[in-house]
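Visitor: I should like to request a close look at a single part of this model, with its surroundings explained step by step. Please explain each technical term when it is needed.

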Amino acid sequence: ESMSGIAVGLNKGYKVTKRTPKARQSRRKGAPTRRRAFVKEVIREAVGFAPYERRLIELCKNNLDKRALRYAKHKLGTHHRAKAKRAEMQEVAFRLRQEAAKALAKEKEAAKK
C-alpha cells in the first residue's frame, strides 16, 4: 500500500519509499538445521523420553488427544508448547505402532515357513 500524499482517506500520509531491513540474527536463532536435527536425534536416542513424555505417548496411543494436550499444557506451561509437544509425541506413537506392525508381520511370515 502506498501513501497518497493526501492527509485524509484510506491511503493518507506522506509519500515514502518502503525500506526492507536485513533480517535480524535473533529471528533465525533456533531454526531447524541438519546439524541441530542430528544432535537432537542422537540425544533422544541416548537419553530416551522423560516420564511425562512417556505418559503423553500412552495417552496418544489410546486416542486421548484432548487429555494429552491438557497434560502437556500443565507440564509445559503454554498452549503453544503443549500443542507442539503433543504433535511430536503423536508422531512417536505412530512410529512405534508402525514398528510393532512390521514386527508382527515378520513374525507371521516366519511362522508360515
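Guide: What follows describes the largest pocket, the helices beside it and the charged side chains connected with it. The model is predicted, so local features need pLDDT of at least 70 and side-chain atom pairs pLDDT 80 or more, while totals for chains, interfaces and linings use all residues. Residues are numbered from 1 along each chain as its sequence is written, and side-chain values use heavy atoms, without hydrogens or water.

The largest pocket (on a 1 Å grid over the protein atoms alone, an open set of points with protein on both sides within 12 Å along at least five of seven lines; lining residues have an atom within 4 Å of a point) is lined by 13 residues. Its volume is about 480 Å³, counted as the space filled by probe spheres set on the points, which are joined across faces, edges and corners. Which residues of the lining lie nearest the centre of the largest pocket? They are Arg44, Phe49, Glu88, Val92 and Arg95.

Two helices (DSSP runs of H or I, at least four residues, numbered from the N terminus) deserve attention here. Helix H2 and helix H5, the latter covering residues 79-112, each supply at least two residues of the lining of the largest pocket. The largest share of that lining comes from H5, with 7 residues.

Let us take H2 on its own. Helix H2 covers residues 34-47. Its length can be checked: at 1.5 Å a residue, its 14 residues should span 20 Å, where the expected span is 1.5 Å times one less than the number of residues. The end C-alpha atoms of H2 are 20 Å apart, which agrees with that expectation. H2 is hardly covered, for the count of buried residues (under 20% relative accessible area; exposed is over 50% and partly exposed in between, with a 1.4 Å probe and protein chains only) among its 14 residues is 0. Ile43, a residue of H2, illustrates this: it counts as partly exposed because its relative accessibility is 49%. After H2 comes Gly48, whose phi is positive, near 85°.

The charged side chains add a further level of detail. The whole structure contains 5 salt bridges (a side-chain nitrogen of Lys or Arg within 4 Å of a carboxyl oxygen of Asp or Glu). One of them joins Arg44 to Glu53, with the closest N and O atoms 2.9 Å apart. How do the two partners differ in cover, buried or partly exposed? Arg44 has 28% relative accessibility and therefore counts as partly exposed. Glu53 has a relative accessible area of 5%, so Glu53 is buried.

A second salt bridge brings together the side chains of Lys85 and Glu88, at 3.9 Å from N to O. Both residues lie in H5, 3 residues apart, about one turn of the helix. Lys85 is buried because its relative accessible area is 14%, whereas Glu88 counts as partly exposed because its relative accessibility is 29%. These two pairs belong together: Arg44, Glu53, Lys85 and Glu88 are linked in a network of salt bridges. Two members of the network, Arg44 and Glu88, are also among the lining residues nearest the centre of the largest pocket.

Another salt bridge serves as a companion example. In helix H3, which covers residues 51-61, Lys61 and Glu58 are 3 residues apart, about one turn of the helix. Their side chains meet in a salt bridge of 3.5 Å, N to O. Lys61 counts as partly exposed because its relative accessibility is 37%, and Glu58 is likewise partly exposed, because its value is 41%.

The chain continues from H3 into a loop, which leads to helix H4 (65-76) and contains Asn63. The phi of Asn63 is near 55°, a positive value in a residue other than glycine. Most residues other than glycine have a negative phi. Asn63 is exposed, because its relative accessible area is 64%.

Finally, we return to H5, which also holds Ala82 and Lys102. Ala82 is buried because its relative accessible area is 0%, while Lys102 counts as exposed because its relative accessibility is 62%. Ala82 and Arg70 are 12 residues apart along the chain, and their C-alpha atoms are separated by 7.8 Å. Lys102 and Gly77 are 25 residues apart in sequence, and 37 Å apart in space from C-alpha to C-alpha.

Key:
On a 1 Å grid over the protein atoms alone, a cavity is a set of points where a 1.4 Å probe fits but cannot get out, and a pocket is an open set with protein on both sides within 12 Å along at least five of seven lines; lining residues have an atom within 4 Å of a point.
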